[in-house]
Amino acid sequence: MDTDAAPARRTRLDRVFAGIERIGSKLPEPFFLFVYLLAALAVISTAVAAFDVTVDVPGKAEPVPVRAVLSTDGLVWFLTNFVDNFIGFPPLGTVLAMMLVVGFAERTGFLSSAVTLVFGRAPRWLLPYAVAFVACQAHVMSDPSLIVIPPLAALMFKAAGRHPVAGLIGAFACGATGYGGGILIGSLDGLLEGITEKAVKIAPLGVEVHTHIAMNYFFAATAGLLLPLVGGFLIDRVLEPRLGPWTDPDGEQTAELTPQQRKGVWRAFALLAVYAVVAFGTWLIPGSFLRGEGGALVPSPFLDSIVPLIIIAFLLAGLAYGLTAGTVAHRADLPRMMTETVKDMAGYIVFIFVAAQFIALFTWSNLGTLIAIGAADGLRAAHLTGFPAILVMVLLTTVANLFITSGSALWSLLAPVMIPAFSILGYDPAFIQAAYRIGDSTTQAVSPLNAYVYILLSVNKKYQPETQLGTLLARLSFFVLPFFAMWLLILAAFYFFDLPIGPGSGIRL
């Protein structure tokens, strides 16, 4: 490759990305960012509440008021819920529990050895696309995928002699920005369908509409196949070249595995295979305690137990490998390795201490609800029709997703407005739900309210200690517009060619 010519061909692109990184680098440290956001929230919510602003939320008998943080009620609520806001922060328990066992498996040597064995000899050019493909199926594992997959991708890149941060950031960006797609049906599909089913009943549509968990399957599967091509290209040609050459600060070199290490990996794989067969087999057996009401596979206790099931898998794999390879020689090694992992998570815990307060107050103030419902009402009032109306809906959802990062929470607010409004115009609720997936995915990776971004930052610092939040968000932003464009192209193809969105579900009623 001509190293002199390459930069010239990317001059404009380099300038754009350099500008993004410069802007991003001006963001304060995450802890102080949320301190400033808390102050802004207090002022804005109090100012809005002074005008007695309320929000009409479908399904609620009375309007929901915007609450003032700087009021007697606000201060009392904040002080009495301060500890609960921190301890009860939804991602905190999941993140800490997952990182305990992932850190254990990493410290035993299982993760690095497994990645070296499986991907050490894989073609270098294939890795970005393999990482992007796996990450774009992430919604099957739900949110834990954003904790598990990126560190593994970093190890894959490192084993192949490539920059581990490219694998780390690329996997997270593809997993978050492509979250609504995938060739497998997962818990996200069940969550969205349940909300859509309730929203369909709000307005009489003149026809009977049946919703089911696979009603977006053709659309989501198409995205799960095409988005990885975009993601792999961005990792390989945009992200990694900007990171520069990789030099391991510890001077470690990827080496051949010893016979004991290989034996440990294969034993761990065998144990995981048996565990997976038992877990999935128990779920699939009719009448199983892991099935849902009426024997349903989705929703079910099995899907609700994904996190503990994954935790057990990492523990089993780490122990099987460690006992075989000799990295776990005493029972005290297990808690010791977990303790070392908690030390690495100290910065994240400190950050969550203040971030949890902001997110809890933001939810309590109802400002997020005001933004989401106001955007939906504005679209309905504009009387847009056709594909432009769908585009505006996607854009509004994309912006609202920056403030309400829970996909089910945002759809719970928007579906009762969007589904009746667009169904009256003749659109199938399945198509509206498919369009929502785009907005729910595209800005996930760059939302400052996404707690998993800060997990990514803490892992990134293991490879590049100088990395700041702004730099990380700038690098994640490389993926937003290209993914958004591909999402829209897929949606447009289904719309204009009148293709079925899923089995029995089309564009129009």
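**Briefing: fold, helix packing and selected residues**

At 64% relative accessibility, D52 counts as exposed, where exposed means over 50% relative accessible area, buried under 20% and partly exposed in between, with a 1.4 Å probe and protein chains only. The model is predicted, so local features need pLDDT of at least 70 and side-chain atom pairs count only at pLDDT 80 or more, while totals for chains, interfaces and linings use all residues. Residues are numbered from 1 along each chain as its sequence is written, and side-chain values use heavy atoms, with hydrogens and water left out.

**Overall architecture**

- The chain contains 24 helices and two strands; these are DSSP runs numbered from the N terminus, helices being H or I of at least four residues and strands E of at least two.
- The radius of gyration of the chain is 24 Å, in agreement with the value near 23 Å for a compact globule of 509 residues; the radius is taken over C-alpha atoms, and the globule rule is 2.2 Å times the number of residues to the power 0.38.
- Along the principal axes, the C-alpha trace spans about 70 × 55 × 50 Å.
- Buried residues make up 51% of the 509 in the chain.
- About 22800 Å² of the chain is exposed, and carbon and sulfur atoms supply 67% of that area, as given by the Shrake-Rupley method with a 1.4 Å probe, where for residues only the protein chains shown count as cover.
- Of the contacts between residues at least 6 apart in sequence, 79% join residues at least 24 apart; contact means heavy atoms within 4.5 Å.

**Helix packing**

- Two packed helices are described by the angle between their axes and the distance between the axes. Here, axes are lines fitted to C-alpha atoms, for helices over the stretch in contact, and angles run from 0 to 180 degrees between N-to-C directions.
- Helix α6 (residues 90-107) and helix α17 (residues 346-365) have axes that come within 11 Å and cross at roughly 175°. The two helices are therefore roughly antiparallel, a term for angles over 145 degrees, with under 35 counted as roughly parallel, 65 to 115 as roughly perpendicular and the rest as oblique.
- In this pair, P91, L92, V95 and L96 of α6 make the contact with Y348, I349 and I352 of α17. The contact residues comprise seven nonpolar, no polar and no charged, with Ala, Val, Leu, Ile, Met, Phe, Trp, Tyr, Cys and Pro counted as nonpolar, Asp, Glu, Lys and Arg as charged, and the others, Gly among them, as polar.
- Helix α21 (residues 429-442) packs with helix α24 (residues 480-496) at an angle of about 175°, their axes lying 10 Å apart. That geometry makes α21 roughly antiparallel to α24.
- From α21, F431, A435, I438, S441 and T442 meet V480, F484, W487, L488, L491 and Y495 of α24. Nine nonpolar, two polar and no charged residues form this contact of α21 with α24.

**Positive phi angles**

- Most residues other than glycine have a negative phi.
- D52 has a positive phi near 55° and lies in the loop between α3 (30-49) and β1 (54-55).
- N366 also has a positive phi, near 70°, in the loop between α17 and α18 (367-382). N366 is buried, at 11% relative accessible area.

**Further residues**

- D333 belongs to helix α16 (residues 333-344) and counts as buried at 12% relative accessibility. Leaving aside residues up to four places away in sequence, D333 touches T327 and V328.
- L126 sits in the loop between α7 (110-119) and α8 (127-135) and is partly exposed, with a relative accessible area of 36%. The C-alpha atoms of L126 and S412 are 39 Å apart, with 286 residues separating the two along the chain.
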